[in-house]
Structures are given as C-alpha cells and as structure tokens.
Amino acid sequence: MYYKEGITIMERWEFEQRRSLPLEAKEIMAMDRIRSFIEKVGASFVSWSTGIDSLVAGDLARRVDPSIPFVFADTGLEYPENRNLLDIYDNVVRMTPHKDFRTVIKAYGYPVVSKEQSQRIYEYRTTKSEYMKKRLMYGVYSNGSTYLSGKISNKWKFLIDAPFPISHKCCEYLKKEPLRRYGKQTGRMVILGTRADESQTRIQSYLKNGCNVFTGKIQCRPLSVWTKEDVWNYIKKYNLVYSSAYDMGYDRTGCMFCPIGVQNEKEPNKFQKMQLTHPQYWQYCMESLGLKEVLEYMGIPWRNSRGLEEAACSKE
C-alpha cells in the first residue's frame, strides 16, 4: 500500500491476499467495514436485489444493525422465484422506477456485452466529436497516450453498425435512480453487495478506495474481497433463504431480460434455460422485446434444442 497525491493506493497483491482469507476472517472484516461506515455517515440502507450477494450483504449489515432497511428497486425484471423473497424477509422497502425496461430500450437501446461496452458504443453512435470517435474506436487521447481498456473492444466493433439501438442506460433508470431517490428522501447512505472480482473497474475502485468510499459516491461495499464461493458458503453456514432460481441452474439471477454477459455463458445460456423454465417470459423477451434479433445479430443462441423437441412432440 502506498500514497499518491493524498490517495491511498492498494497493491494488487494485497487485494489477492485478502481474497484468500478464510470466510470467518472475511465476516469479521465485512462487519467492521459496515460498522465504521455507519459510525461515520449515520443511517444507512442495503441495496437489496434478492440475489445471493445482496442477501449476504444484508445479513451482515443486520448483524451490525438489526433495524437497517433493505431497499428493493422494483424493476419488474426479476425472476418470480426472486420476488418470492419479498414476502419472506422483513423491513423491505420497494422503490418503483419512473421508467420501465421497454421504455428505456425503445428510447436509448439494448444493454449488450457489458455496461462499459454498451456505453462506449452508445457514445460513439451519438457523439458528433471526431476526437471522441477516435478515442472510443482506438483508445487514443489528445495527448497521444493510449488507454486500450477505455475503447470499444475489437471483438464488438461490428455492433456499431447494428440495426438496433444500444445503450447502458437501463441500469441507470431501473436500479440506480430509485436507490438514489430513496437515499435523497431519507438521508440514508447505501451499502452494496458488490464483489470487486466481478470486473476490472471494480477491482481498480477497490484498490483506490477500499470497501468504504467517503468522497463522491458515498457507499459501503463490504463484500469487495469475497469470492462467489465465500458467498455460497456463508449462505449455507447461516441457512439463509435464497431464490430457488439458482437451483434451476441459473448462475446469476439479476434482471431476467438483460442480455449483458450472456456471450460468456456456456450452453444452455440463460435464455435457453428460460425457454424451458419460464416459457412465457422467454416468449415475451424474444418476440415482444425483440431480443431474438439482438442475439441473432450477435451470434448468440437463444433457443434450446430440447425445447424445440418438446414443442414438436406436443404437436404430434
């Protein structure tokens, strides 16, 4: 760990070292971060999506402060199995977004690949600045320096010419805005169940700020050094009630209709599974929301061969 211009910078090896700690040590560390965060900023709340990470963050927070509220951004995109948890856990506040998914994708575009790639493609398509286009395409800045991780990935540059809109704004309107609104209305600060290992951006943020951020976007991220294995071990250790969607084979249970990350999934991917487990939702995604065309253009399978076989048999 070292200091640069008044900022504490953690070395990558320190992050890896903390990730290798046993679960018990991570529990103690997480509750200590939550406790120190609340002591400094005052009343707080847990951003509670009903996914396993937010369940664990919420449980840790309530071990520190049993009265802390869970705030649920009611996007309407949740698996029904996840929504069942709303009636099981107490002190859950529902915040409804001002826009729905269909409105956002129609006005701005579909979220694809990742939030970062979607944002860069959106900015490239909407900017009139040739400098910005060059920067987004090649990662070249005005001083001649290059920042390759800040450009559109070579693999996905063909999406610039996609016959459908692309943007990163879905999460902004459906999740972030309702939580900000709750924080503004109540004066409470947010505790998030995000893990740093989910993206390079989150790792860099952790190396710079640690779990607690007290400047800019004030927030507590007590699971920063946790792994997915840690999360599941904690759930089993304390017998937490979690969404049965995970038992159906879903690795993640975020927004049901969101295609971000599906390109990295092995078959059957989330949409191929959905055809079998939630056929009505799958039909809505593919036909009403137009995801079929998006996935086909990206070269991502969206139908399950088993589902086609079953449909054929039912017609005989």
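**Sheet, helices and cores in a predicted model**

Reader: Where in the chain of this predicted model is N239 placed, and is N239 buried or exposed?

Author: N239 is placed in the loop between helix 10 and helix 11. The residue has a positive phi of about 55 degrees, although N239 is not a glycine. With a relative accessible area of 65%, N239 lies over the 50% cut-off, and N239 is therefore exposed.

Reader: Which residues does a cis peptide bond join?

Author: The loop between helix 10 and helix 11 also holds P268. The peptide bond that leads into this proline has an omega of about 0 degrees, and the residues joined by this cis bond are E267 and P268.

Reader: What separates the C-alpha atoms of N264 and I300?

Author: N264 belongs to the loop between helix 10 and helix 11, and at 61% relative accessibility N264 counts as exposed. N264 and I300 are 36 residues apart along the chain, and their C-alpha atoms are separated by 9.6 Å.

Reader: In what order do the six strands form the open sheet, and which strands are the edge strands?

Author: The six strands form an open sheet with mixed pairing, in the order 5-4-3-6-8-7. Each edge strand pairs on one side only, and the edge strands are strand 5 (92-95) and strand 7 (212-213).

Reader: In which sense do strand 3 and strand 4 pair, and which residue stands opposite S47?

Author: Strand 3, residues 44-47, and strand 4, residues 70-73, pair over two bridges in the parallel sense. From strand 4, F70 and F72 point one way while V71 and A73 point the other way, and all are buried. The residue of strand 4 that stands opposite S47 is V71.

Reader: Which strands does helix 2 lie across, and at what angle does helix 2 run to strand 6?

Author: Helix 2, spanning residues 23-41, lies across strand 3, strand 6 (189-191), strand 7 and strand 8 (219-220), and helix 2 runs to strand 6 at about 175 degrees. Helix 3, spanning residues 52-64, also packs on the sheet, where helix 3 touches strand 3, strand 4 and strand 6, and the direction of helix 3 makes with that of strand 3 an angle of about 155 degrees.

Reader: Is E27 buried or exposed, and which residues does E27 touch?

Author: E27 has its place in helix 2. The relative accessible area of E27 is 3%, so E27 is buried. Not counting residues up to four places away in sequence, E27 touches L60, R63, W226, Y234, K237 and Y238.

Reader: How do helix 1 and helix 9 pack, and which residues meet?

Author: The axes of helix 1 (residues 12-19) and helix 9 (residues 200-209) are 10 Å apart, at an angle of about 100 degrees, and the two helices are therefore roughly perpendicular to each other. By class, this contact has four nonpolar, one polar and two charged residues. From helix 1 come R12, F15 and R18, and these meet, in helix 9, Q200, I203, Y206 and L207.

Reader: At what angle do the axes of helix 11 and helix 12 cross, and what classes of residue make up the contact?

Author: The axes of helix 11 (residues 270-277) and helix 12 (residues 279-288) come within 6 Å and cross at roughly 130 degrees, which makes helix 11 oblique to helix 12. F271, M274, Q275, L276 and T277 in helix 11 meet P279, Y281, W282, C285 and M286 in helix 12. By class, the contact has eight nonpolar, two polar and no charged residues.

Reader: How many residues has the largest nonpolar core, and which helix gives the most to this core?

Author: The largest nonpolar core has 41 residues, and those with the most contacts inside this core are F101, V112, L159, F271, M286 and M298. Among the elements that give two or more residues to this core are helix 5 (101-107), helix 8 (169-186), helix 11 and helix 12. With four residues, the element that gives the most is helix 13.

Reader: Which residues is L159 in contact with, leaving aside its neighbours within four places in sequence?

Author: One contact of L159 is V113, which lies in the loop between helix 5 and helix 6. V113 has a phi near 65 degrees, a positive value in a residue other than glycine, and V113 is buried, with a relative accessible area of 8%. The full set for L159 is V112, V113, I121, R125, F164, I166, Y297 and M298.

Technical notes
Residues numbered from 1 in each chain as written. Predicted model: local features only at pLDDT ≥ 70, side-chain atom pairs only at ≥ 80, totals over all residues. Heavy atoms only, no water. Pairing = 2+ DSSP bridges. Contact = heavy atoms within 4.5 Å. Axes fitted to C-alpha atoms, helices over the stretch in contact; angles between N-to-C directions. Parallel < 35°, antiparallel > 145°, perpendicular 65-115°, else oblique. Nonpolar A, V, L, I, M, F, W, Y, C, P; charged D, E, K, R; others polar. Core = buried A, V, L, I, M, F, W, Y, C linked by side-chain atoms within 4.5 Å. Buried < 20%, exposed > 50% of the residue type's maximum accessible area, 1.4 Å probe, protein only.
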